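This report describes a protein structure for a reader who is new to the subject. Please examine the sequence and the structure together before reading on.

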Amino acid sequence: MTDNLEALRDALPRLGEGVAITLQLTLGGALVAFIVSVVFGLLSISPAGPLRWVSTVVVEFFRGTSLVVQLFWLYYVMPLFGVSMDAVLTGVIALGLNYGAYGAEIVRGSINAVDKGQWEGATALNMSPLTRMRRIIWPQAWVLMLSGYNNLLVMLIKGTAVALFIGLQDLGYQIDELRVDTATIFAYGIGLLLYYLIALAASTGLRALEKRARRRLGLSAGSVHASAGAAL
Amino acid sequence: MPPVIRFEDVVKRFGDTTVLSDLNFDVAPGERVTLIGPSGSGKTTILRLVMTLEHLTEGYIWIDGKPLTHDRRDGNRVQLKQKEVAETRKQIGMVFQHFNLFPNMSVIDNVTEAPVHVLGRGKEEARERALALLDQVGLKDRADEHPSRLSGGQKQRVAIARALAMDPKILLLDEVTSALDPELVGDVLGVLRDVAESTDISMLIVTHEMQFARDVSHKVMMFDGGQILEQGAPADILSNPSHDRTRKFLDSVL
């Protein structure tokens, strides 16, 4: 055990670097995924048919194909067309597109879950579709979105480990390196723990956001998918 | 003066079901009309068509002589653009059975939201007017509360203030007391009587409160099967209907 701990101590700087890469992929990926999910989620409920089709095709493509293969395309195939990016940026974009496609479904579902009476109430006040979305529907859908995003973010954090496939020395890579000097069970145990702690921190943050958003709607902080706006 | 609302050959179908067939009627400026009839007779659909919450299958609705959603141009029926619809729709307000207050804002913000963000009024001006309206409906002291803390009757009074804040020419009341506990109905109807007496807003009212209909409306229209069965002064229709169908309906609700 002492050997394990000593090896761990020696590996700390490298583990720190690995965590830094993983956090970059997480934060960057989450940011891109958020933007992608909002854009394609909103397009998917657009009254204009062609916009909806574009959204469906994009979402289905990135949800339906493997993240690893998407990563390979971005990293190894795109340079053949003259587009080459640094590995972290490639990871961020691949994660963002893939998880953003799932996120688009969260956005679409949450917007559709806002009580129909809220849309009608806004229309009866002669709000334009944009004002209605921005001022009335989105703030209510947001509460529903946050629990979905929370789930997705945790999945994205764990998904960042695919960075290994394009040679990034992320947390997953450094854990694998640690294994050389320690017991396998020890190294991978540390791996579980570190990923868990990162996920826990992110999840706690989002839950705090969700709690605050629920309070603003006058909902109790407890039950999740109460239909926003019902009977108000 | 043109009628404030004119239905011309209006047809509304949901799939294969025809809810309104070739409906024609006028509402004069300042007139308050109550629509009665069994459920499924199309009353609420009429209100929802005027509010543009439903798509008009055939025919025309004219507001103050201007087309609402469809216009007749060179003999063709043309659907109007969003912006054109909004220009006419700003004269119309609606109060719903289930209030539809916005839970993401306080009571007062519910009332000032559209004046500020739709009509472009100043925040202070909108706030003052909202407070006056909340005072009128007896809820000035609840202005900063969250809607979820109000009773059903209070929510509905806020919804009335919210609709009035847009200075509508036409107010649509869709079963506004149907979702309320019986002891809360009186307050809401009291507020509406007050609005009816103190303004010249035209109203289309769908209600099962026959005494209220008798007190505030100039005209009652009895609907059955998507058409007007009979219409006239409330005293005539409600006390002395000429159709058996109307009599049966009134017996069932009184």
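Which side chain meets that of Glu58(B) in a salt bridge? The partner is Arg13(B), with an N to O distance of 2.8 Å. A salt bridge is defined as a side-chain nitrogen of Lys or Arg within 4 Å of a carboxyl oxygen of Asp or Glu. Glu58(B) lies in strand β4 (residues 58–63) and Arg13(B) in strand β1 (residues 5–14) of chain B, so the pair ties together parts that are 45 residues apart in sequence. Helices (H or I, at least four residues) and strands (E, at least two) are DSSP runs, numbered from the N terminus.

The model is predicted: local features need pLDDT of at least 70, side-chain atom pairs count only at pLDDT 80 or more, and totals for chains, interfaces and linings use all residues. Residues are numbered from 1 along each chain as its sequence is written, chains are lettered from A and ligands numbered from 1 in the order in which they are written, and side-chain values use heavy atoms, with hydrogens and water left out.

**Salt bridges**

Over all chains, the whole structure holds 22 salt bridges. Three of them are listed here.

| Pair | Closest N to O distance |
|---|---|
| Glu58(B) and Arg13(B) | 2.8 Å |
| Asp215(B) and Arg193(B) | 2.4 Å |
| Lys116(A) and Glu120(A) | 3.5 Å |

In the second pair, Asp215(B) belongs to helix α7 (residues 210–216) and Arg193(B) to helix α6 (residues 182–198) of chain B, so parts that are 22 residues apart in sequence are tied together. Salt bridges that share partners also join Lys116(A), Glu120(A), Arg48(B) and Glu54(B) into one network. Lys116(A) and Glu120(A) are separated by about one helical turn because they are four residues apart in helix α5 (residues 116–124) of chain A. Lys116(A) is exposed at 58% relative accessible area, whereas Glu120(A) is buried at 10%. Buried means under 20% relative accessible area, exposed over 50%, and partly exposed in between (1.4 Å probe, protein chains only).

**Chain A and its core**

Chain A has eight helices and zero strands. Its C-alpha trace spans about 70 × 50 × 20 Å along the principal axes, and buried residues make up 46% of its 232 residues.

The largest nonpolar core (buried Ala, Val, Leu, Ile, Met, Phe, Trp, Tyr and Cys residues joined through side-chain atoms within 4.5 Å) has 57 residues, and Leu25(A) and Leu168(A) have the most contacts inside it. The largest share of this core, 13 residues, comes from α6(A). In soluble globular proteins, nonpolar side chains tend to be buried together.

Helix α1 of chain A also holds Val38(A), which counts as buried at 16% relative accessibility. The C-alpha atoms of Val38(A) and Ala104(A) are separated by 6.1 Å, although these residues are 66 apart along the chain.

**An enclosed helix in chain B**

Why is helix α1 (residues 43–50) of chain B largely enclosed by the rest of the structure? Seven of its eight residues are buried, so the helix has the rest of the structure around it. Among the buried residues are Ile46(B), Leu47(B) and Arg48(B). Just after α1(B), Thr52(B) takes a positive phi of about 60°.
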